[in-house]
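Please open the model in your viewer and keep the selection box at hand. Where does this tour go?

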Amino acid sequence: MNDIVLPVLWAVLGGAIRVGTPFLFVSLGECLTEQSGRINLGLEGVLVLSSMAAFGGAYLSGSPWIGVMAAMLAGALLAGVHGVLCGLRRVNDIAMGIAVMMLGTGLAFYLGKPLIQPQAPTLAPIMLGSTSSSAQLQAALSINPLFPLGVLIALALAWLLANTRWGLIVRMVGDSADAARAQGLSVNRVRTLATMAGGAIAGLGGASLSLFYPGSWNELLSSGQGLIAIALVIFARWRPLACLWASLLFGGAGALGPALQSVGINGAYYLFNAVPYALTLLILVLACTPYRRLQGAPSELSVQR
Amino acid sequence: MEHKQWNRRQWIQGTGAAGASLLAGAWPLGAQAQSPITIGVIYVGPRDDYGYNQAHAEATAELKKVPGIKVVEEENVPETQAVQKTMQGMISQDGATLLFPTSFGYFDPHMIAIAGKNPNVRFSHCGGLWTAAKHPANTGSYFGYIDEGQYLNGVIAGHMSKSKKIGFIAAKPIPQVLQNINAFTLGARSVDPKITTTVIFTGDWSMPVKEAEATNSLADQGVDVFTMHVDGPKVVVETAAKRGKFVCGYHANQSKLAPAAYLTGAEWNWTSAMNAIIDAARTGKPHPNFIRGGLKAGFIKTSPYGSMVPEAARKNADAVKAKMIAGQFDIFTGELKDNTGKIVIPKGQAFKQTAIELESMNYLVEGVIGKI
């Protein structure tokens, strides 16, 4: 029994971090954006564009950390387009988000053509398990260097939103634009800045994909992970720390299929491969109710009004 | 009354047809045997994916150098209605008279539907199971016996594996993929019958994160030689190399990606197949409907051995390869059991590469850990 349970457990735990890190960054970025009262479906496009930018930056400069910077910049710029355009009158942020998603993926495919073949320097893992004799443990504990950064951002975001004047402004703009205006705040400016900051954070998720795991650029790299991460924010009830646990849960679910097949449990691998998507559906079904607004949801979100 | 009026559309049709017949009449004067031709090549993914699409793109690049051949290409065309639009566009706008839709899912219903509407255009699909009874005569298919290459991969893997566990990352359980998994396993077990192949199906042709995850889980289980059947092997090759494991390539030569881990590989070489089909079209010969070939016909080739492959392994693989080229080697021979213990090929029976039964394979052989 131990031959099966332990390896699967280690693979799922390791996979939770390996596969879950992009989810973490995108959901944190979306969490910040939505706290300011706006939805950015364009983060899927941000994820694809920033992973291309990260790879390109690392390839051209020779340094993966310059790639990480490029990813944040690309993410902030694309999210900025969304932020500015949604500030115009009668622009629907859902429709705009879909347009931004297409713009981001299209740009990434176009600019990323010459980047499919080359190899770029990737981020070196943090080897937590180097003292362990088990190869499985070593593999599970060679941590993506961006993951601790993600945990820090989650903690910082939670603290900032709850305890600082800055966090209060973002939440007020998200909960009641009228109250914010009465305070003399520019709702549009706050939302645009929050959207851009969210884009920069989501850009780190792109860098994690192309510079660490799997560590190369191609056009199907994201395959919808950005959209799953956006759904995660609802599951996490707009709380940054809950985004962390939710991302790990989804990462682990993604690792379950291959892990079970590798130990010879291969009955229903289509089912196991579908676990992340089934989980998303389940969350959305459980989360939606026609009778009241979702607990924790910023009331300015266009889906709430 | 109105039928007596000349309308603009009729006029264009009439003069257009006259012009076309003039042109057609003028052609043979210019080039007697080899008339110029426009061909269209359609890829499901990017042309430079180090894999399936790149193999076709490399052959197409060779064709472009031939005088009289004009090539139009489109990449990232999904296996949906979209490919029908691409095909019709290439025919109507670019004047293509021979199309190479290269992805498995383009065949039925998409290529068949467009072929019915354009009886004067020739279609050559890569990998489809063309049958004269079911499919129009202006369509056809070509493919290579790449399982020969995977068998040789297996022989080398069998020599190199210390843990006696080897791994196969596969996309979907379709016959061609199963044939490769089985050939790889049989090749390795010809060296050491204790070897097992663990297979992981990722579910689709290109799933980079899942492919990396599959490679990692297998490496955790002690698998030390990998191969794959996915569209872009880059992720598997790089991930295996990062874990310090060996890898056998597929589709194209990936040795540049991981020189220290790349043992050998099974590569396509589509130039000769495509040339045969194009020559027939240019000289007006009947459309070759069913083209198949392996190492002997030059449809497939093997990557040069990595420097870590020992002499004994090279000799063994080279000997099998020589037999394959001479036509004296059958990969699937009886008695062959599947991995549930059922006999799938009875004693005394051997399938030649040309055997059509192999193209509908639906089992995994003994020694494979996995399920369809």
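The stops below cover empty spaces, a helix pair and some backbone details.

**Stop 1: the largest cavity**

Keep in mind that this is a predicted model. Rolling a probe the size of a water molecule over the atoms shows where empty space is left. Here that gives three cavities of 30 Å³ or more.

Begin with the largest cavity, at about 140 Å³. Select B:Tyr52, B:Phe104, B:Gln176, B:Trp205 and B:His229. Of the 15 lining residues, these lie nearest the cavity's centre. Now colour the lining by residue type. You should count 10 nonpolar residues, four polar and one charged.

Next, show the secondary structure of chain B. Helix H6 (175-191) and strand E9 (246-251) of chain B each supply at least two lining residues.

Why does this cavity lie between two domains? Colour domain 1 (33-145 + 270-293) and domain 2 (147-266 + 302-326) of chain B separately. Both give residues to the lining, so the largest cavity lies between them.

**Stop 2: the second largest cavity**

Move to the second largest cavity, with about 50 Å³ of space. From chain A, select A:Pro7, A:Val8, A:Trp10, A:Ala11, A:Gln136, A:Ala259, A:Ser262 and A:Val263. Then add B:Ser217, B:Asp220 and B:Gln221, which complete the lining.

Which elements give two or more residues to this lining? Chain A offers helix H1 (2-35) and helix H11 (240-262), and chain B offers helix H7 (208-220). H1(A) gives the most, with four residues. By type, the lining of the second largest cavity divides into six nonpolar, four polar and one charged.

**Stop 3: the largest pocket**

Now turn to the largest pocket, which holds about 580 Å³ of space. Select A:Leu220, B:Val44, B:Gly45, B:Ser206 and B:Asp231. Among the 28 residues that line the pocket, these are the closest to its centre. H7 and helix H8 (234-242) of chain B are the elements that give two or more residues to the lining.

Colour by type again. The lining of the largest pocket has 12 nonpolar residues, nine polar and seven charged. Bring back the domain colours too: domain 1 and domain 2 of chain B each contribute at least three residues to this lining.

**Stop 4: a helix pair in chain A**

Hide the rest and show helix H6 (residues 146-163) and helix H9 (residues 187-211) of chain A. Their axes are 11 Å apart, and they pack at an angle of about 165°. That makes H6(A) roughly antiparallel to H9(A), because an angle over 145 degrees counts as such. Look at how the two cross: H6(A) passes H9(A) in a left-handed crossing.

**Stop 5: backbone exceptions**

Most residues other than glycine have a negative phi, and most peptide bonds are trans. Three places are worth a check against that background.

- Select A:Tyr213 and A:Pro214. The peptide bond that joins them is cis, with omega about 5°. A:Pro214 sits in the loop between H9 and helix H10 (225-235) of chain A.
- Select B:Asp108 and B:Pro109. A cis peptide bond is found here as well, with omega about 10°. B:Pro109 is in helix H4 (residues 107-117) of chain B.
- Select B:Asn76. Although not a glycine, B:Asn76 has a positive phi of about 55°. Look for B:Asn76 in the loop that runs between strand E2 (69-74) and helix H3 (81-92) of chain B.

Technical notes:
Residues are numbered from 1 along each chain as its sequence is written. Chains are lettered from A and ligands numbered from 1 in the order in which they are written. This is a predicted model: local features need pLDDT of at least 70, side-chain atom pairs count only at pLDDT 80 or more; totals for chains, interfaces and linings use all residues. Side-chain values use heavy atoms; hydrogens and water are left out. On a 1 Å grid over the protein atoms alone, a cavity is a set of points where a 1.4 Å probe fits but cannot get out, and a pocket is an open set with protein on both sides within 12 Å along at least five of seven lines; lining residues have an atom within 4 Å of a point. Grid points are joined across faces, edges and corners, and a volume is the space filled by probe spheres set on the points. Ala, Val, Leu, Ile, Met, Phe, Trp, Tyr, Cys and Pro count as nonpolar, Asp, Glu, Lys and Arg as charged, and the others, Gly among them, as polar. Domain bounds come from an automatic or database domain assignment. Axes are lines fitted to C-alpha atoms, for helices over the stretch in contact, and angles run from 0 to 180 degrees between N-to-C directions. Angles under 35 degrees count as roughly parallel, over 145 as roughly antiparallel, 65 to 115 as roughly perpendicular and the rest as oblique. A crossing is left-handed if the near helix is turned anticlockwise from the far one by less than a right angle, and right-handed if clockwise.
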